[in-house]
Amino acid sequence: MRYAWTEEQSLLRATLERLFAERFNFADRTRTTAQALSTEAWRSLAELGVLGLPFASEYGGSEGEAIDVVIVMEALGWGLVATPYLSTVVLGGGLLRHGADQDLKARTIPQIISGAAQIAFAFAEQESRFNPANVALSASQEGGHFKLNGRKAVVYGAPEAQHLFVSARTDGARMEREGVSLFIVPADAPGLEMRAYLTADRHSAADIAFHDVAVPSEAMIGPQGRALGLIERVLDEAVVAACAEAVGAIGALNARCVQHCRTREAFGQPLAKFQALRHRLVDMRVAYEQASAITLKAAQSLDGPSKQRSRMASACKTQVCQDSAFIAKAAVQLHGAIGMTDELDVGHYFRRVMLLQHLFGGADFHLRRFLDLSR
Amino acid sequence: MRYAWTEEQSLLRATLERLFAERFNFADRTRTTAQALSTEAWRSLAELGVLGLPFASEYGGSEGEAIDVVIVMEALGWGLVATPYLSTVVLGGGLLRHGADQDLKARTIPQIISGAAQIAFAFAEQESRFNPANVALSASQEGGHFKLNGRKAVVYGAPEAQHLFVSARTDGARMEREGVSLFIVPADAPGLEMRAYLTADRHSAADIAFHDVAVPSEAMIGPQGRALGLIERVLDEAVVAACAEAVGAIGALNARCVQHCRTREAFGQPLAKFQALRHRLVDMRVAYEQASAITLKAAQSLDGPSKQRSRMASACKTQVCQDSAFIAKAAVQLHGAIGMTDELDVGHYFRRVMLLQHLFGGADFHLRRFLDLSR
Amino acid sequence: MDIETLNLAADEIEFRDKVRAFYQENLTPELRRAAQLTTWTFAEFEYGRQWQKILYAHGWGAPHWPVEYGGAGFTPRQRLIWELETARAHPPEIMRMGRDYAAPCIMHFGTDEQKRFFLPKIIAGDDWWAQGYSEPGAGSDLGALRLSAVPDGDDYVLNGSKIWTTFAQYANRIFMLTRTATMEKKQLGITFLLVDMDSPGIEVRPIINIAGEHEFNEIFFTDVRVPKARRLGEEHQGWAVARYLLLFEHGAGLARSAAELKRRAAWVREIASIESDGFGASLLDDPDFSRKLGLLEIGVEAADFAADQLILAATSGSAPGYEAELLNVRSRELDQSLTELAMEAIGYYAAPDQRDARYVDPKANVIGPAHVLMPTPIFLAQRGATIAGGTPDIHRNNLARHLLD
Amino acid sequence: MDIETLNLAADEIEFRDKVRAFYQENLTPELRRAAQLTTWTFAEFEYGRQWQKILYAHGWGAPHWPVEYGGAGFTPRQRLIWELETARAHPPEIMRMGRDYAAPCIMHFGTDEQKRFFLPKIIAGDDWWAQGYSEPGAGSDLGALRLSAVPDGDDYVLNGSKIWTTFAQYANRIFMLTRTATMEKKQLGITFLLVDMDSPGIEVRPIINIAGEHEFNEIFFTDVRVPKARRLGEEHQGWAVARYLLLFEHGAGLARSAAELKRRAAWVREIASIESDGFGASLLDDPDFSRKLGLLEIGVEAADFAADQLILAATSGSAPGYEAELLNVRSRELDQSLTELAMEAIGYYAAPDQRDARYVDPKANVIGPAHVLMPTPIFLAQRGATIAGGTPDIHRNNLARHLLD
C-alpha cells in the first residue's frame, strides 16, 4: 500500500520488522513455550518504548498518533508474535486515556509503559455476542462499594493481567445502553474465579466468574450507567488495531505464497507458471491492498467526530474480515498438505486471521453498524 | 444434468431443439421482426400440440406433467425464441386450470391450444415490487358488476393478448393478503388503456391503466378476496418455468463459450489453452449443473403439498438467479468486444437471462421466502 | 478524494471558487442532462462538442496542455483541484481521443507543420478524432495488426479494416496503427498515421452495442491514399508512439474515476431510497439490498483512499503504474457491481427498452417513474468497462508478471 | 436422498427396519459420541475398531464384498438402503483403507495365497491398513514417486519415505507405491507392495495437523526388506492397481457424502438456533446469518438431487465418472462453507483450544456451552477436504480436459 509515512514512522516499521524477524521468527519457536515467547517479546517492546506510544508525555508516553499503533499491530501481525499489546495498550490503555482520572492514570500508565503491569478488558458474555450493551453481569451498590456478580467470556490477556476492566450493569435491563458502568478490578480480587486457557491461535485468555466481588466506588470509571460511549470509543480503536494485525498477517501470507509458488514444482514446472495460481496471487494482492487502504483510512478517522470514527471503524472491520479470510484460506489451499500442518507457519497465521474475524464483532455486525451510521 | 427422461420426454426435447435450430436460429432473425418471429414460432408450437401439454384431455390437452412444461421452457431458452408461452400457457393456463369454472375452461382452453387466443396476467404494480399481495388496483362492486381502477406495470404478453387476468383489491388495505381478487378482462374493454412496448430482451409487454373498467361478477375467478392462494400457486409454477428458460439459455451460452474458446486465438494460441479460461468454463459448467438440478427438483415438487411446493420454487429461483447471472456475465466477458454487440446472440441471451432475474421475484425475495418456509 | 481533505491555501480556495463559478454559470440544463444520459464513455456527441467550445472560449479547452499550445498552466495542485471540481460538477464527457490522446503524441512526435495544423483545431473543438487500433481478429493483441500501408510515391496506400472505433461516426480524423512491414518482432513494422475520415475509400459501418446504442464502428479502408506527411514518428516505429499514448490513457483520470465511483454509489443509494421494497418500506431498508450496497460503498471508500495516496504521490512526482493497475482492476469490478445493483433496484422496470427516451431532446416519455430510465442501459454498456482497455485476465497477467517474474 | 422418495417394496421396508434395529441396538453412547467428535475422515481409532468388530459379528463387516469373502450379498437397492440408513444412524467412520481400498485390489490382482491371508483379517477388524502414496515433493503428481524398491533375491529392499499417511500410527499393514524402475512414461516402473508396518527399518514420525490433532504421519523406510510374495500385480505395473483402486476411492459413497452434507447443514441450523444474536433474538433470526445458511441449504438441496440422479443411474449400471467429479467440486465447497458458518455462529467461543475435551473419554470439560466444542476443529480439519484427494485446481484441470480437449 502506497502511503506517505513520516521518517519516524518508517524507522519504527523497520525496527519492529527487524526485531521480530531476528529474535522471534517462527523457526525458533519450537525451542520455547508460547508464554515464554510472549514474555520475552513484551520485554523487548518495553525496552523499545513501544508500549508508551499512545500515551501522554506526562505519564512517560510519547504522544503518538493512531497511525503509530497501526504500525505496531501490523508488525505484530506480520511477525505472528502473540503479545498482550491489544489487551493492555490498546484496550486497557485506551480506557485509561479516555476514561480514567489523573490519579489512576498516574498510578497505572507508567506500569504499562515499563511492562510491569498488564491489563485485560472483560466485556463479552456468553449471551452478548458482539453487542457491548448486552451486559448481564451486575454491580450492586452496597454502601461505599459495589458487588459484582456474573460471568465474562473469552477475556484475552486475563491470565497474565494485574488489572481487569469490567463492564457491569448498575441499572436498566439487559440490553439497554443506559445502565452500563465500567470498573477496574484487581485480578486477584476475592470471589473472582478464572478459568485460564490458550486459544487456538496461541493467545492467552480466560472465562471469568464473579461471586460477590467487592470493589470500592472509586473503582468505577466514568459516570455511573454511562460507560457505553467510552467503551464504544475504545472498541473502535481496538477494531482498527485488530484489523492492522490482520493486514500484517495477510501481508506475510502473501509473501509466503509468492515464495512457495516460485520454488515448489508440480508436473515438472514451478507453481508460479500456472495461470490459475498466478491470477489467484494477483487477487490476493488486490485484497491485501484493499484491506490495507481501509485500515489506514479508519485509523485517520479515529480521533475525529464519533459518528465518522465508528462508521469507518466498522467499514474497516467489514472489509478486512472479507479480504483477510479470503487470503488466509487461499494461502492454506495453495500450500497444500504442508499448509495443513502445525509445522509450517502458514497454518498458524491462518488460525490467527480466522479468529481475528470474530474479535470485537464480525463482518456482519460491523456492516449493519456501518449502514446504520451511513443514514 | 443426468436425469431419467421418459421416451416421450426425450422425443419432445429432440423435436423442439430441432425445430428451433432449423426454423428459428439466430442467424435468420435479421430477416424478420420480433413480432413476426414470435407469431410464426407460436403457430409451430400449436401445430406440434405443445400449447396443450399441461391441460386436461377433456379440453383437448394432453395431461402432461410439470416436467413437460420445464422441457418446453428450457428449449425456448436454449433457442432464444421469444413467445407468449410463459404468459399464455403457464400463467394464463395455470389460472384457468387451478381457478376457473368448467364453463370458462371450456370456452378458453381450446383457444389457447389452437393458438387462437393469447392471455396475459397483470399482477405487478409500480409500488408492489415482488409482493403479489401488494395490490392497489381497486375493484368496487356496483350492482351486478365490478369497476376496476388503477394501474398495472410491465405486463408481459399484454399487447397481443385477448384476455387479461387482473389481480385487484376488493377489500382490505394495500398489503393485506385478504381482499385480493382475480378477474378476467377482455383486452379491448372500454376504459382500459395500454402503453405497449418491447422489452430490452425483445419480448412484448405493456403498462396498463384501468379507468372505470366494468366487468360482470362472473368475471371474478375464485372466491372474492381470497385469490392470493391461487395466484401464489400459479406464480410458483411460473417461477419454475422461468428458471427452466434460464437453464436453457445458460446451457446455450456455455456451448457458445466452449466453441469460442476452441476457435478464437489470442497471443498465438486458442483461448482454450489458457488455464484461467479453462477453469472458468468448468465453473460455468458446475453452475449450470446446479441450476439444472434445482429446477428439476422444484418441478417435481410443483404438484405436491403447497408449503414444499413454494419452498422449492423459491429455492430454485434463488439458485438459478445466481448461477445464470454468473454464467451470462462470464459469457459476455469471455467473448470480448464482439459479445458487447447486437450482432452476436450472446448479448441477446445475456439480456434475456439478466431480465429473467427479476421476473416473479429476484434471488433476495425468494431466499427470504425459502427461509420463512423452512422454519 | 474530498477536496476538504486537501486543506487548501487561500489562493487555492480562490482558484476552486473560480472553477465552481465557471461550472455554475456554463453548465446548462441540457448539458447536465447530457452528462446524466451517458451510458458509456462519452456524452451525446453534439453536447460534448458544445461543451468543448465553451471550455475553449474560457481558455480551459485543454488545461493540461503546455501553455504554448493553449494549456492553462495549472500547478499540479490546481490540476488536482480542477479534476475534483470537474468530477463534482459532472459536465458531459467529450469525445476525448483528440484532446487527450492524439494531441500529446503530436506534441511529442509531430513535425512543426503537424503541430501547427492539428492542435488548434483540436482545442477549439473543430476537429474530432477517432482511434484506429483494434482490428477484427486482433483484440488486445496489437502485435497481430494486419491493416496494410504500402508506400507509393508521397503516399501510403491503406487496405484493411479497423473495428471497435468508438464514435467514429462523428470523427473527421482518425489516428491509426498500420502495418508497413512484417518483422521478427511483431511490434516492429507498425506505422502511426493521421488520416482524414473523408479520404476516398473509407467506409464506416455502424455496430450497435448491447445497450442498443451506436457506440462502435467498423471502418473499411480500400486503396485509401494518405500522404507520408501525415505519418507521426518514424516509419515502422509506430509502436513507440502507441506506447507513449498508453501513458496518457492509463495514468490520467485517477481522481476522476475515483470520483465517478463515488457518484455511482450515491446514485444507487438514491434510487434505492425512492424504490419500494414491496412491503411498505423503502428498498434501502431491505436487509439484503442494503447489505450489497453497504459492501460496495465500503469498497468504494477503500478504493478512494488508495487513489488518494497515488494521486498525492503522483503530484509529488512518482509514477503510479503497477499500483494504478491493481486499483483499476478492483475499481471496475466495483463499478460494474454498482450498475448491476441499480438495475436490480428498479425491479420490473428494468425491462422496457427506453432508447427513445434517452436523448437530451427525447423522442418518447419515460415508461414508469423517471429514475428507471438509466440503470439498465448503464448496466449493459458498462459490461464494456472490463473489455475495452484490457480484460481482467489481461490485467491479471500483467500484474502477475510484476508480482512473480 | 430421502429414503422415502425410494418408495420401497414390502421386503425392502422389512430390510430397512432390520438395519435400523441393528443400529438402534448396537450404537452405544460411546460409539455415537465417537462419530460426533470426528473432525476429519475417521473417528477415534479405538472406537472405529470396536465398531468394525460389531459389524463383523453381525455378518455386515463388509456388505459390499463378494459373498465368498464375507460380503452380505445385498442387491443394488439394498446396498442403497444400507448406505442411507448408515448415514441416518451416523456410526463412527472406521479407518477404511483396508476394507474399502486394499481389499478390492487384493481380490482383483491378488494371488489366492494373498486373498486367503489378508482378506479375513481385514473384515474381522484385526488388520488395519495405511495408504502409502504421497511422498515429500510429490503431492498430487504420483508420476514423481521416488521411494525405491530394489529386487534382491526373494525380497525388495525399500528406501525412501512416504508422507500424509493418515492414521498410520494405528496401522499394522501398509499398501504402497514404490519405484522399481525409471522409464520413459513416468507412471511405468511403479510397483504396488503390501508391507507389514513392523518390518525392521520402518520409522513413523507423527505430523500434527492444523487442528492440533495427530492425523498424518511421515514414514521413513531404511533398507526395509519386503518379500516379492507381497507384490500385488506385476512388477513395474503398480499403476494399474492404483488406477483400479481410484475407482473405489471416487465412485463409492456418493449417497453417503450427500447425506453428510445434509447432516452438516442441519447441524449448523441447530447451532444457530441455540446461539443468541446479541440483541435478544436467536442467531437464526439474524438476516445476514440466515441468508448465508439459506444459500448453502439451497446448494445442498441441488447437490443432493444431482447425487440422487447419479446414484439411480449407477444402480441401473451406468458409471458416473465425470458428473461425479463435477458434483464433488461443488459439494466440497458447500461443506467447507458450512463448517466456516458453524465457527462463525459460536462467536468468541470459536477461540478456546479445546483439544482435551474432544476425546470420547474427555480429559477436560468444555469451555463454554456444549455446542461450541466442535465447530472450530471441524472447520480447521475440513480445510483438508479440498487438498486430500485432489485440489480444486487439479479437479478443474481434469474437468476442463473433458470439457475442451
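In this predicted model, B:Ala328 makes a handy starting point: leaving aside residues up to four places away in sequence, B:Ala328 touches B:Ile250, B:Leu253, B:Tyr349, B:Phe350, B:Val353 and B:Met354. B:Ala328 also belongs to the largest nonpolar core, which holds 494 residues. Together with A:Phe183, A:Val240, A:Ala328, B:Phe183 and B:Val240, B:Ala328 is among the residues that touch the most other members of that core. Helix H6 of chain B, spanning residues 228-263, contributes the largest share of this core, with 20 residues.

Turning to the contacts between chains, the one joining chain A and chain D takes 35 residues from chain A and 34 residues from chain D. On the chain A side, two or more residues come from each of strand S3 (145-156), strand S6 (192-198), strand S7 (204-216), helix H8 (306-335) and helix H9 (345-356). Sorted by class, the side of chain A that touches chain D has 17 nonpolar, eleven polar and seven charged residues.

The contact between chain C and chain B involves 34 residues of chain C and 35 residues of chain B. Here strand S6 (202-208) and helix H9 (287-315) of chain C each supply at least two residues to the side that touches chain B. That side of chain C is made up of 14 nonpolar, 13 polar and seven charged residues.

As for confidence, the model as a whole scores ipTM 0.95 and pTM 0.95. For chain C, the average pLDDT is 92, and 96% of the residues score at least 70.

Definitions and conventions: Residues are numbered from 1 along each chain as its sequence is written. Chains are lettered from A and ligands numbered from 1 in the order in which they are written. This is a predicted model: local features need pLDDT of at least 70, side-chain atom pairs count only at pLDDT 80 or more; totals for chains, interfaces and linings use all residues. Two residues are in contact if their C-beta atoms, placed from the backbone, lie within 7 Å. Helices (H or I, at least four residues) and strands (E, at least two) are DSSP runs, numbered from the N terminus. Ala, Val, Leu, Ile, Met, Phe, Trp, Tyr, Cys and Pro count as nonpolar, Asp, Glu, Lys and Arg as charged, and the others, Gly among them, as polar. A nonpolar core is a set of buried Ala, Val, Leu, Ile, Met, Phe, Trp, Tyr and Cys residues joined through C-beta atoms within 7 Å. A residue is buried if 20 or more other C-beta atoms lie within 10 Å of its own, exposed if 12 or fewer, and partly exposed in between; C-beta atoms are placed from the backbone. pLDDT is the predictor's confidence in each residue, from 0 to 100.
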